[in-house]
Amino acid sequence: EPVKIGFVTTLTTGAAVIGTDMQNAVNLAMEHLGGKAGDTELEVIFGDDQFAPEAGKQVTDKLVKQDDVDFVAGYIWSHVLLASRKSVLDADKILISANAGPSQMAGKLCDKNFFSTSWQNDQTPMAMGEVLNRQGVKSLYLMAPNYAAGKDMTAGVERTFTGEIVGKDLTKWGADAQLDFSAELAKAKASGADGLFVFYPGAAGGAFVKQYQQAGLKETLPLYSVFTVDAISLPKLQSAGFTDVIGSKVTQEWDPSLDNAANKKFVTDFKAKFGHYPSYYGAQSYDAIMLIASAVEKVGGDMSDKDALRAALKEADFESVRGDFTFGNNNLPVQNFYLREVVEDADGVWTTKVVETVYENHVDSFAAECDMK
Amino acid sequence: MTTRGWITLAVMALLGVLPPLFFLTGNPFYLDLATRLVILAIAAVSLNLILGYGGLVSFGHAAFVGLGAYAVGIPAHHWLYTGWGDWATMGYVQLPLAVLACAVFALLTGLVCLRTKGVYFIMITMAFAQMIYYLIVSIEEYGGDDGLVIDTRSQFAWIDLDNPLQLFGLAYVSLIVSMVLVRLIVNSRFGMVLQGAKGNPDRMATLGFNVYVFRLVAYVISGAMAGYAGALLGNFTTFISPEMMDWSRSGELMFMVILGGASTTVGPVLGAVVFIVLEEVLSHFTIYWHLPFGLLLMAVVLFVRGGLAGMFGRKED
Amino acid sequence: MDFSLLVIQGLNGLQLGLLLFLVASGLTLVFGILDFVNLAHGSLYMLGAFFCATLTYLFGNFILALIVAVPITGVIGFLVERFVARPLYARDHLDHVLGTFGLILVIDTLTHLIWGPEGLSVPLPDWLRGQITLWGDTVVPTFRLMIIGAGLAAAAGLFWMVNRTRLGMLIRAGASNRTMVSALGIDIELLFGLVFALGAAMAGLAGMLIAPITEATIGMGNGIIITAFVVIIVGGIGSIKGAFIAALLIGLIDTLGRSFLDDIFALFMSPVAAENSAPAISAMLIYIIMALVLAFRPQGLFPPKVR
Amino acid sequence: MLVLKDVTAHYGTSQALFGMSLALNAGSVVTLLGRNGMGKTTTINTIMGIVKASGGSITFDGEELVGRASFRTANLGLGLVPEGRQIFPNLSLRENLVATASNHLGVADPWTIDKVFALFPELETRVSSMGNLLSGGEQQMLAIGRALMTNPRLLILDEATEGLAPLVRRKIWDALEQVRAEGMSILVVDKNLADLMRIADHHHIVQRGEVVWSGTTEDLRADEATRRQYLEF
Amino acid sequence: MSAVLQIDGLNKSFGGIKATDNLNLSVQKGELHAVIGPNGAGKTTMISQLCGSQRPDTGRILYAGRDITTLPPHKRAHLGITRSYQITSLIMEMSVIDNVALALQARDGHSFRFLRPARSLSHLRDKAMDLLGKVDLTAKAEHRTKALSHGEHRRMEIAIALASDAELMLLDEPMAGLGSHESMQMVELLRGIKGQHTILLIEHDMEAVFALADRISVLVYGHIIATGTPDEIRGNEAVQHAYLGEE
Ligand SMILES: Nc1ncnc2c1ncn2[C@@H]1O[C@H](COP(=O)(O)OP(=O)(O)OP(=O)(O)O)[C@@H](O)[C@H]1O
Ligand SMILES: Nc1ncnc2c1ncn2[C@@H]1O[C@H](COP(=O)(O)OP(=O)(O)OP(=O)(O)O)[C@@H](O)[C@H]1O
Ligand SMILES: [Mg+2]
Ligand SMILES: [Mg+2]
């Protein structure tokens, strides 16, 4: 009787590019594990959320009720995770986010059965705010999509950035998201800010960077972004020759260049197998499987004793690709955040490398609202 | 009884018996699937009243469903976070609120929409739905784009909606009531005028009917019914988001009606069944299930006239 | 208000409007003349972008790719007309909607299968990458000027074709009375096929022009199709002139709304309230405009004389 | 030249032509007579392929027309002036003439705009007016001109002078005589028996979808009983 | 006798065409007033303006002394005006009897009734059957309207006009499309109801017009060129010239 893991991500629509990366990382993790946690067989069942909360909830329901999985992991999008949360927790199964980090689930809605191998939304932009302060940026223009994560991101940077916010644009998001930012870029330029902070995940990120270059803003308005320039957008930007992105700065809790054995194995094997760098989405998914495997091994494959299982998970006793971390009271990682820079690697491939550590063992701001101890 | 009548009975009987059987034999997921199906079928039945019988193609019907769901979610949200009394979670408050809110919304938008005809009507109903969509997205208090989690289902004295069987039962009975209601309405004097106005509005006006008012009333009834379906849907998913009001959702409701057969009693239900079951079955085999699904839709349009119900007997049921 | 910013935003609005016009013109032609509701028009826009991207990598030249890809989308439009639209002409609009919705699913999934989910970036030649200085430090991206140029040229070409050529006369004649056109010896089916192909090519061209700015992605057509419908409804179905004016109107209002609405709101509400309501209102703006136009002119701004 | 044999036609389930048979010789002017709703227009539309024949055969110089697309029929040399004129309202007068002009048969001396203006001088002054702004008479002249511009060998006119003032009517008849003198064959439907008897050679009376009487103008003039039975008030 | 319908200086143009051009006409209570004139003279346009489906550009329409120029169609119907259509205008998807029953229901005034099946209302059904009998359509009562022939549609038009039991009936070419036998029947039918209603009859069938009309007006190019008894009209030279023919 194998232990079953449901993995929910986006496999169709344009956002499937992220989902595919996660799927690849999960498969790699299973390969590295030999399909086993100790003596217990592991089985992964993928579910497609179609980039929509209702569909995500439905596929989660199916995994929980029909396939009777023991864990449900994955989730790129905050709203999909929020929608699906109750289905998993009500059935007393373990829910593990490999990306989405909505503030509610770190705070008020925290749960003993919910873990994360990523972060809380605000943390990454907070780190960026810190970087801006250190670099002496005095005024900043903000751009993000007009949805909850977008607002979390701008709130995050505003929380730590001490200079002046001279303007902010929240652009249309959703099924017919705005991808042409000409008007906003013109405004940002006219505002005379020292820097431009943006958050545009998925395909919007690539679109944004291109227009940033086409508008010729590199010199006058340096770009600082989170979740925008990544291993998913860089290959496309490189193939289309958008060189302005080289040197741009982003913050993240993980990077392919992090120097630990697990990460080296992960990055090398991933590149060998799929021909490109993994993204942080992949890294977090890889960690999610490894976390599950570590816990399953600890309890000897016995899924009936939930308390023991939760305790085993909480120890985070596995080799994470981001290096060692612990879980906070809300079961979110307490971890480092790094400043990364876009560079060309030895083979001429565009990637990122760590420049400095911004936060060490950072605890998210909502942990206090969680009443778990 | 006509073939169509037998089909209707058979579909409704299967729909009433199979899902509980699934549940009792350890397949609770299929009960969930059926509950969702039945709730969407109510919305489709309500749309059929104006689209099928009234000839008013509303491309914004999902807005009513969404509003109905928010009418459950918002009081529940305030009960949880801002200390509203227990009355806010009462089904006797939430369901009528959903119906009323949608009726008012239908009345206000209908006043404007019904001035237009044909494709212009299709687009203006969609425009109002989009406005509501963006309005909800912009209200951070209720989760904006992330949506709203309903922690507590509507409370009733005589039924426990947390029990999936009872929730299904309520939805199923509601579906039957709504089908009967629509059937009564379209065969009533009011319904005759509505159908006459679909066929020939000028003639109806010269006969002395104020077509605009009749249509408005039908639009309000239909919106209110869809709001009720939305309230059930909110209780079922326990999660509501603006996504529920997206134009593509309105499109799906339309497809259910056309696919099953507009202006027939069983059509919308048949459409909902086929739509949801196909979606489930096809997506089981491949993530590329949109391909066979799209081909099937095209095949139905190209080769079957009058929707699936059109395969069984003529238009009159 | 900053004058140079206003000019830049005006140009941005113009560019957006022209792209919308390219998509909407085909839609309004097909709708107005063939009386066919083509929801899958957006898919042709998407296919245009993908073909152009692929060909750009193949030829190493964006302009050449553009020139080859436009007729390819035209041919695809022609095939869609023959096999999907034509059997449905005699049916009512709802059947058109259902059938072409099926087509969207098919095309989107095929695109996913052929090109993968990640989408394609389109590299521009060096001379289109930079910016052009208008005056002082007022600069605009060269490629956006090219879009404006191409959009205006296409619009002018379309006006010339419809109003000055024999093909255009036949198209207008066919719009008012297809039986008579046929009875006077014109192959109306071929003509309709050409109209459909022309509409597809215009939509494809729009996709090709936007791809270097955003990129070619699955489902990119589904967002624009609704806006394009808004344009043709506001303009009056079947009217090229209406589509042109409505497209520019909506392009400008949308852009200016995004640019200045928060400033305007800040005049009479708190900055925080302005910041929160402006994006919501500007997203709603085009729908508000459409509802207003239809409330006062239920047939759009320029209802065509016939039909 | 044109032969109809046992042609039947339906609108949906209701039959409109019940075995229509008639023949027209090259160079002649032939009429279809009969009261409202007897099937004259249907006959013409069936010849033109606008209404699909459900049975029988229609040949034009030996070419079978049944089952042929309407435009292919027209391109064999049939020019239609339809009931209700059906001018393209959103095209100017000139565009109405030019849009569908053709010379598929390679006529040596094809019709041109100038030739049409020579036939109907009053059109020349309205050359850039939109079709829907023309008076009824001008519209009818334009409809004839438009058909001539396709260089037909057989001109078919349905309700040739319907609703026209007597003066205009006269002009139309004169023009038709002129065209005929150049060798055009003509099939015409009209309510003015007197005018028709003056210009036509041969007549067919249509009653309930079939020809009930055929004959020359002399025959018709002589046969008062037939006239009374089928044609008069 | 008093004028139940009075039209003063009615004008309506479409683009450049003046469909009605300073039209004046008065119809006496109880008379059968025929309007004849060439095609496109503006007869149908006049009817449309009388029943309210088109708005005149200028001019005034008085019905029973009341100005109804701007009243919407359904209100005029309540006042007792009904029309039949030249181009058949029925509800094709409904059955024949439903079409007629709807007309009766309109007069009944109880249409905001949502639950009781309309088809079980025997007073409407029986009356409708009755009227269908008058136009010889009893056998087709339950057929779908679409499936009927043109002539049958014409007769339905009349049944519906009768059903609304209006004081003023505007009949636009009721004989068009009828065979000669049916035309005779129609003449008889109209003769039967003549006197009970005021009828404005538009017709190209001169035999019928001269047999039925109390008075005839001739409409040419949007205005009335002559009004008079059938004999006066037959003898009127202008009318001969404009419409009846030169002989
Ligand atoms: N589109 C149609 N649908 C159904 N029936 C039709 C249609 N057109 C004509 N008919 C019927 O077919 C028969 C023949 O009509 P047709 O128009 O050929 O008569 P016609 O001799 O040209 O009369 P008119 O002198 O009025 O022009 C009529 O009974 C008519 O009602
Ligand atoms: N909706 C319209 N738009 C444009 N022109 C119109 C419209 N309706 C009628 N006309 C024009 O107005 C004039 C009068 O038309 P109308 O139908 O009233 O004539 P009629 O006397 O009823 O003719 P008939 O004897 O053929 O029924 C015609 O020239 C016609 O083309
Ligand atoms: Mg005729
Ligand atoms: Mg008329």
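Here are some friendly notes on a predicted model, to read alongside the structure.

1. Let us start with the magnesium ion, ligand 3. Two side chains of chain D coordinate this ion: D:T41 through its OG1 atom and D:E83 through OE, at 1.8 to 2.2 Å. If you look along the chain, D:T41 is in helix 1 (residues 40-48), whereas D:E83 is in the loop between strand 6 (78-81) and helix 3 (93-99). The two residues are 42 residues apart, and the pair links distant parts of the chain.

2. Are these two residues buried or exposed? The cut-off for buried is under 20% relative accessible area. D:T41, at 18% relative accessibility, therefore counts as buried. D:E83 has 32% relative accessibility, so D:E83 counts as partly exposed.

3. Stay with chain D for its overall build. Chain D holds 10 helices and 10 strands. Its radius of gyration is 17 Å, close to the 17 Å that the globule rule gives for 233 residues, so chain D is as compact as a globular protein of that length. The C-alpha trace spans about 45 × 35 × 35 Å along its principal axes.

4. What share of chain D is buried? Buried residues account for 56% of its 233 residues. Its accessible surface is about 9,000 Å², and 50% of that belongs to carbon and sulfur atoms. Now consider contacts in chain D between residues at least 6 apart in sequence: 67% of them join residues at least 24 apart.

5. How does chain D sit relative to chains A and B? Chain A and chain D do not touch, and their nearest C-alpha atoms are 37 Å apart. There is also no contact between chain B and chain D, where the closest C-alpha atoms lie 16 Å apart.

6. Next come the cysteines. Over all chains, the count is 1 disulfide. A:C110 and A:C370 form a disulfide, with their sulfur atoms 2.0 Å apart. This pair links distant parts of chain A, 260 residues apart: A:C110 belongs to the loop between helix 4 (103-106) and strand 6 (114-116), and A:C370 to the segment after strand 14 (350-362).

7. Which hand does the disulfide of A:C110 and A:C370 have? The torsion about its S-S bond is about 80°, so the disulfide is right-handed. Both partners are buried: A:C110 has a relative accessible area of 11%, and A:C370 has 2%.

8. Why does B:C102 have no bond to B:C113? The closest cysteine sulfur to that of B:C102 is in B:C113, but it is 14 Å away, which is too far for a bond. B:C102 is buried, at 0% relative accessible area. Over in chain E, E:C51 is buried too, with a relative accessible area of 4%.

9. Finally, take a look at helix 10 of chain B, residues 247-260. At 1.5 Å a residue, its 14 residues should span 20 Å, and this agrees with its end C-alpha atoms, which are 20 Å apart. In this helix 12 of the 14 residues are buried, so helix 10 is largely enclosed by the rest of the structure. Among the buried ones are B:W247, B:R249, B:F255 and B:G260. Just after the helix comes B:G261, whose phi is positive, near 125°.

Conventions: Residues numbered from 1 in each chain as written. Chains lettered and ligands numbered in written order. Predicted model: local features only at pLDDT ≥ 70, side-chain atom pairs only at ≥ 80, totals over all residues. Heavy atoms only, no water. Donors = N, O, S within 2.8 Å, 3.2 Å for Na, K, Ca; no water. Helix = DSSP H or I, 4+ residues; strand = E, 2+ residues; numbered from the N terminus. Buried < 20%, exposed > 50% of the residue type's maximum accessible area, 1.4 Å probe, protein only. Disulfide = S-S within 2.5 Å. Expected span 1.5 Å × (residues − 1). Rg over C-alpha atoms; globule rule 2.2 N^0.38 Å. Contact = heavy atoms within 4.5 Å. Areas by Shrake-Rupley, 256 points an atom, 1.4 Å probe, with all protein chains shown as cover.
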